[in-house]
Amino acid sequence: MPAGALAALNLGHKSLDAALDRLRAIADALDDAAPERAALLIAEAADLVSRDIAKHEQDDETIVYPKLGAYLPDGHGLGAMSRAHREIRHQTRLLARIASGLSGAEVDRYLMRDTQRVIEAVEALVRLHSAQEADIYEHAAGLR
């Protein structure tokens, strides 16, 4: 794989850092948030995940992986990476269900904690998944 393609793929992962950092901040802010504020934070997290993270992972699956396959005739880990995309989509749907039509009157400490778990799962999965993809990209570029 050309070095320019490797740099572009790594830049794509770097572009997720701000979204992941914001998810971490939202999860932390839910600890002390009043119900109305919590509902807004949960909606923000759901929007961020569906707009930025899920879109990136879908693009990986439909655009990046087919091209990457040309440099990885043995598939080198792409099946496992596709499975990670499915789990990220699953967590995205869970977060969207929690946030859908949520009002402050419906927010209690149990809902906030469940939401924190989903947000933290998305953040952890995407960070780990991005690191694993970076290893695959380096392999495809002949750096490993």
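## Salt bridges and helix α5: worked exercises

R117 is partly exposed, with a relative accessible area of 47%. Keep this residue in mind as you work through the exercises on this predicted model.

**Exercise 1.** Find the salt-bridge partner of R117, and explain how the two residues are placed along helix α5.

*Solution.* Start with the atoms: R117 pairs with D114, and their closest N and O atoms are 3.0 Å apart. A salt bridge requires a separation within 4 Å, so this pair qualifies. Next, look at the helix. Because D114 and R117 are three residues apart in α5 (residues 109-140), about one helical turn separates them. Finally, check the surroundings: D114 has a relative accessible area of 40%, so it is partly exposed.

**Exercise 2.** Work out whether the end-to-end distance of α5 agrees with its expected span.

*Solution.* Take the 32 residues of α5 at 1.5 Å a residue, which gives an expected span of 46 Å. The rule multiplies 1.5 Å by one less than the number of residues. Now compare with the model: the end C-alpha atoms lie 46 Å apart, so the two values agree.

**Exercise 3.** Describe what is found at the start of α5 and just after it.

*Solution.* At the start, a side-chain oxygen of D108 comes to within 3.0 Å of the backbone nitrogen of Y110. Just after the helix, G142 has a positive phi of about 80°.

**Exercise 4.** Compare the placement of two further salt bridges, R51 with D47 and E44 with R22.

*Solution.* Begin with R51 and D47, whose closest N and O atoms are 2.5 Å apart. Both residues belong to helix α3, four residues apart, or about one turn of the helix. R51 is partly exposed at 44% relative accessible area, and D47 is partly exposed at 39%.

Then turn to E44 and R22, with closest N and O atoms 2.7 Å apart. This pair links distant parts of the chain: E44 sits in helix α3 (residues 35-68) and R22 in helix α2 (residues 17-29), 22 residues apart. For exposure, apply the limits of 20% and 50%. E44 has a relative accessible area of 31%, so it is partly exposed; R22, at 28%, is also partly exposed.

**Exercise 5.** How many salt bridges does the model have, and which residues are linked in a network of them?

*Solution.* The count comes to 13 salt bridges. For the network, list the linked residues: D21, R24, D28, R113, E120, E123 and R127.

Terms used
Residues numbered from 1 in each chain as written. Predicted model: local features only at pLDDT ≥ 70, side-chain atom pairs only at ≥ 80, totals over all residues. Heavy atoms only, no water. Salt bridge = Lys/Arg side-chain N within 4 Å of Asp/Glu carboxyl O. Buried < 20%, exposed > 50% of the residue type's maximum accessible area, 1.4 Å probe, protein only. Polar contact = N/O pair within 3.5 Å; in protein donor to acceptor, adjacent residues only side chain to side chain.
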